[in-house]
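This report is meant for a reader meeting the structure for the first time. It goes from the nucleic acid contacts to the interior of the protein and then to its helices.

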Amino acid sequence: MARRFWLLKSDPETFGWEDLLKSPRKTTAWDGVRNYQARNLLRDEIRVGDGVLFYHSQSAPPAVVGTAEVVRAGYPDPTQFDARSKYRDADSDPAEPRWYAVDIRAGRELDRPVTLPEMREAPGLESMVLLRRGSRLSVQPVTAAEWKIVLALAGRPG
DNA sequence: GCCAACGTTGGC
DNA sequence: GCCAACGTTGGC
């Protein structure tokens, strides 16, 4: 299976690139995702070694700020069973967990953020899921070509 | 803060 | 199964 690429959205107020860098081994569980389409990607598609574009939403401007690597493929999101977690889902059956997480490790910080308006202008990114009208999916597929273009926009080849 | 777009819920 | 109401996301 060839390496694939993804874009993960995060509100930096909640958990941003800096938080990832400060995490033990620069690794974090990507948990708390509560959308079925995103869940399916986490559970079924994302594999160890896949590349991640780390995107800051809700920031001015929104931007891809770094890359990460998947270091653990989909596993049941523990927060769904954690009574103290705001992500708890009392309806999820441990025998058949509803929500999944992956682990990611920081790769490298981009030399400069690649902003949303910049991506909208970039040739080759026209079909990027992120740029679709009303696109709110927090876990998105990225093509190999899009991955390269975004990193090239940051000033270094991918 | 506003609001468009989207997903989920629940009455019927 | 339909669809209105509601809550959330996220760009601006």
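Which atom of DNA strand B lies 2.8 Å from a polar side-chain atom of R136? In this predicted model, the partner of R136 is a base oxygen of DNA strand B. The residues around that strand are Y36, Q37, R133, G134 and R136, and they divide into 1 nonpolar, 2 polar and 2 charged. Of the atoms of DNA strand B that come within 4 Å of the protein, 74% belong to sugar or phosphate, while the rest belong to bases.

DNA strand C has its own set of surrounding residues, namely K9, Y55, S57, Q58, P62, L116 and R136. Sugar and phosphate make up 67% of the atoms of DNA strand C that come within 4 Å of the protein. By residue type, this surface divides into 3 nonpolar, 2 polar and 2 charged. The table gives polar contacts to phosphate oxygens of the two strands.

| Residue | Protein atom | DNA atom | Distance |
|---|---|---|---|
| K9 | polar side-chain atom | phosphate oxygen, strand C | 3.0 Å |
| Y55 | side-chain N or O atom | phosphate oxygen, strand C | 2.8 Å |
| Q58 | backbone N or O atom | phosphate oxygen, strand C | 3.1 Å |
| R133 | polar side-chain atom | phosphate oxygen, strand B | 2.4 Å |

One of the residues around DNA strand C, S57, is found in the loop between strand 3 and strand 4. Is S57 buried or exposed? Its relative accessibility is 16%, so S57 counts as buried, a value that is calculated on the protein chains only. Leaving aside residues up to four places away in sequence, S57 touches S10, D11 and P12.

Turning to the interior, the largest nonpolar core has 22 residues, of which L20, W30, L42, I46, F54, I104 and V139 touch the most other members. At least two residues of this core come from each of strand 1 (5-10), helix 2 (17-22), helix 3 (36-45), strand 3 (51-56), strand 4 (63-76) and strand 5 (100-115). A second core, separate from this one, has 19 residues, including A122, M128, V142 and L151. As for I46, when residues up to four places away in sequence are not counted, its contacts are W6, L41, V70, A73, G74, V102 and V139.

Helix 3 buries A38, R39, L41 and L42. Viewed down the axis of helix 3, these buried residues fall within an arc of 160°, so they line one face of the helix. Among the elements that cover them are strand 1, strand 4, strand 5 and strand 6 (139-142). At the N-terminal end of helix 3, N35 acts as a cap, with a side-chain oxygen 3.0 Å from the backbone nitrogen of Q37. Q37 also belongs to the residues around DNA strand B.

In helix 5, which spans residues 144-153, the buried residues are E146, W147, V150 and L151. They cover an arc of only 130° around the axis, and therefore sit on the same side of helix 5. What do the buried residues of helix 5 pack against? Their partners are strand 1, strand 3, strand 4, strand 5, helix 4 (116-121) and strand 6. L151 is also one of the residues of the second core. Just after helix 5, G155 takes a positive phi of about 110°.

How values were computed: Residues numbered from 1 in each chain as written. Chains lettered and ligands numbered in written order. Predicted model: local features only at pLDDT ≥ 70, side-chain atom pairs only at ≥ 80, totals over all residues. Heavy atoms only, no water. Near = heavy atom within 4 Å. Polar contact = N/O pair within 3.5 Å; in protein donor to acceptor, adjacent residues only side chain to side chain. Nonpolar A, V, L, I, M, F, W, Y, C, P; charged D, E, K, R; others polar. Core = buried A, V, L, I, M, F, W, Y, C linked by side-chain atoms within 4.5 Å. Buried < 20%, exposed > 50% of the residue type's maximum accessible area, 1.4 Å probe, protein only. Helix = DSSP H or I, 4+ residues; strand = E, 2+ residues; numbered from the N terminus. Contact = heavy atoms within 4.5 Å. Arc of directions from axis to C-beta.
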